[in-house]
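Thanks, everyone, for making the time. I would like to walk through one model this morning, starting with two individual residues and then turning to the ligand.

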Amino acid sequence: MATGRTTVTEAAVREALGKVRDEERGGDLVGLGMISGLTLRDGHVLFSIEVDPQRGPALEPLRQAAEKAVAAIPGVLSVTAVLTAHRGAGAAAPSAAAPRPAAPGGAQSRKLPIAGIGSIIAVASGKGGVGKSTTAVNLALGLAALGLKVGLLDADIYGPSMPRMTGITGKPNSPDGKSLDPKENYGLKVMSIGFLIDEETPMIWRGPMVQSALSQMLRDVNWGTLDVLVVDMPPGTGDAQLTMAQQVPLAGAVIVSTPQDIALLDARKGLNMFRKVDVPVLGIIENMSYFCCPNCGHRTDIFSHGGARTEAEKLGCDFLGEIPLDIAIRETSDSGHPIVVSAPDSPHAETYRGIAARVWAKLRSGAGPVAPRIVIE
Ligand code: ADP
């Protein structure tokens with residue numbers, strides 16, 4: 001990075017966006033109050049443009065114009081603008097709209113915030129093997145690429161994969177014999193039960209042990225100041241997962257799903273689990289969405305991709321993006337060099353960063369799901 005570069009100010013960004021017009025509404029983005037969640041970090045600029053959901057897809061040119069206007073400001077290194085659906089007065093908080101199933105045991109009371117951590121998000125899946133951990137690590141790195149301080153907590157206590165995926169080995173330090181320092185790589189602070197036990201050791205965790213392990217990894221780890229902590233949840237929607245979703249003060253959850261999984265409704269179970277405990281679902285990511293031939297680049301929709309987008313719409317939650325089935329993603333994540341850091345210029349890295357930007361914009365605006373809807377089954 002160049003030294004002595006110009007510092008980008010919020011005023012300069014607002015001024016640039018004040019020149020971008022939404023012709024249909026007859027005003028500029030700032031004047032119309034459409035900009036929210038503006039974040040500046042070392043020349044990286046991120047903001048969302050709040051729009052009427054009906055106009056969403058037609059506004060891509062406006063989004064691009066906004067990015068271009070900000071990119072032209074001296075000192076700006078990257079710009080990410082995302083469209084978010086405006087939450088009008090009619091879309092009141094979900095709890096006001098309809099009675100919700102009571103959270104078992106009063107979830108809120110146990111959700112004490114963790115000092116220094118801005119938002120905690122869960123990455124979850126209806127079942128194992130859908131690429132949840134791969135998505136979690138690349139999402140975390142995508143958030144870090146936006147200039148955010150990010151932690152990654154591997155709560156997949158039955159099969160921790162973060163030591164392998166982040167390329168971290170060795171035991172964490174304990175400065176005082178009580179708390180643990182997270183391990184670090186690629187700018188991420190990482191904690192995993194895998195750092196504490198040998199990979200060969202069979203793990204027979206009983207329910208209470210799982211719970212105390214998670215709560216220790218959350219609260220007894222010196223995370224320091226984080227904008228976001230990404231929690232890689234254990235797969236599935238059983239009791240252990242439900243308890244975790246309840247215990248952790250989650251700002252939101254991201255559901256990872258494959259096209260087949262969508263068809264089998266496993267993703268729906270994941271979604272309902274979070275809704276049960278009052279955690280907003282930030283959206284669904286379709287993983288292994290289509291196949292990219294490594295030789296010719298030809299794209300094949302093996303599992304009739306696109307199901308997640310339709311399903312997300314049906315379920316009233318956002319679709320965050322689709323990741324192809326690509327050997328490069330498998331090789332990089334399994335060898336400890338996730339694609340967002342090992343091939344930052346690849347289209348896949350860009351997709352992950354785009355998803356990260358959408359997630360961050362939602363966390364910033366506190367919007368939760370774009371169209372909160374209660375499904376009582
Ligand atoms: P989960 O956490 O859901 O069990 P993992 O993230 O461990 O799944 O992924 C399972 C396997 O699939 C891993 O070997 C991983 O590298 C691979 N994988 C995940 N996503 C993709 C993808 N989009 N393309 C190719 N391989 C993938």
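Let me begin with a question: does V230 count as buried or exposed? Before I answer, please keep in mind that what you see is a predicted model. V230 counts as buried, because its relative accessibility is 0%, and the cut-off for that word is under 20% relative accessible area. As for its place in the fold, V230 belongs to strand β10, which covers residues 226-232. If we set aside the neighbours within four places in sequence, V230 is in contact with I121, V123, A136, A140, L143, V150, G151, L152 and L153. There is also a pairing with D154 to point out: V230 and D154 are separated by 76 residues in sequence, while their C-alpha atoms are 8.5 Å apart in space.

The second residue is S36, which sits in strand β3, residues 35-41. S36 has a relative accessible area of 15%, so S36 is buried as well. Its side chain makes a polar contact, at 3.0 Å, with the side chain of E50. E50 appears again in the list of contacts for S36, which, once neighbours within four places in sequence are left aside, consists of F47, S48, E50 and S365.

Now to the ligand, and I will take the surroundings before the individual atoms. The ligand is surrounded by 18 residues, of which the closest are K132, S133, T134, P324 and D334. By residue class, that shell divides into seven nonpolar, seven polar and four charged residues. Two helices, α5 (132-145) and α12 (327-334), each supply at least two residues of the shell, and α12 provides the largest share, with four residues.

Which atoms of the protein lie 3.0 Å from a nitrogen atom of the ligand? For N287, a polar side-chain atom lies at that distance, 3.0 Å, from a ligand nitrogen. From the backbone, an N or O atom of V130 lies 3.0 Å from an oxygen atom of the ligand, and an N or O atom of P324 lies 2.8 Å from a nitrogen atom of the ligand. As for how much of the ligand is covered, taken alone it exposes 560 Å², and the protein buries 84% of that area.

I will stop there, and I am happy to go back to any of these residues on the screen.

Technical notes:
Residues numbered from 1 in each chain as written. Predicted model: local features only at pLDDT ≥ 70, side-chain atom pairs only at ≥ 80, totals over all residues. Heavy atoms only, no water. Buried < 20%, exposed > 50% of the residue type's maximum accessible area, 1.4 Å probe, protein only. Polar contact = N/O pair within 3.5 Å; in protein donor to acceptor, adjacent residues only side chain to side chain. Contact = heavy atoms within 4.5 Å. Near = heavy atom within 4 Å. Areas by Shrake-Rupley, 256 points an atom, 1.4 Å probe, with all protein chains shown as cover. Nonpolar A, V, L, I, M, F, W, Y, C, P; charged D, E, K, R; others polar.
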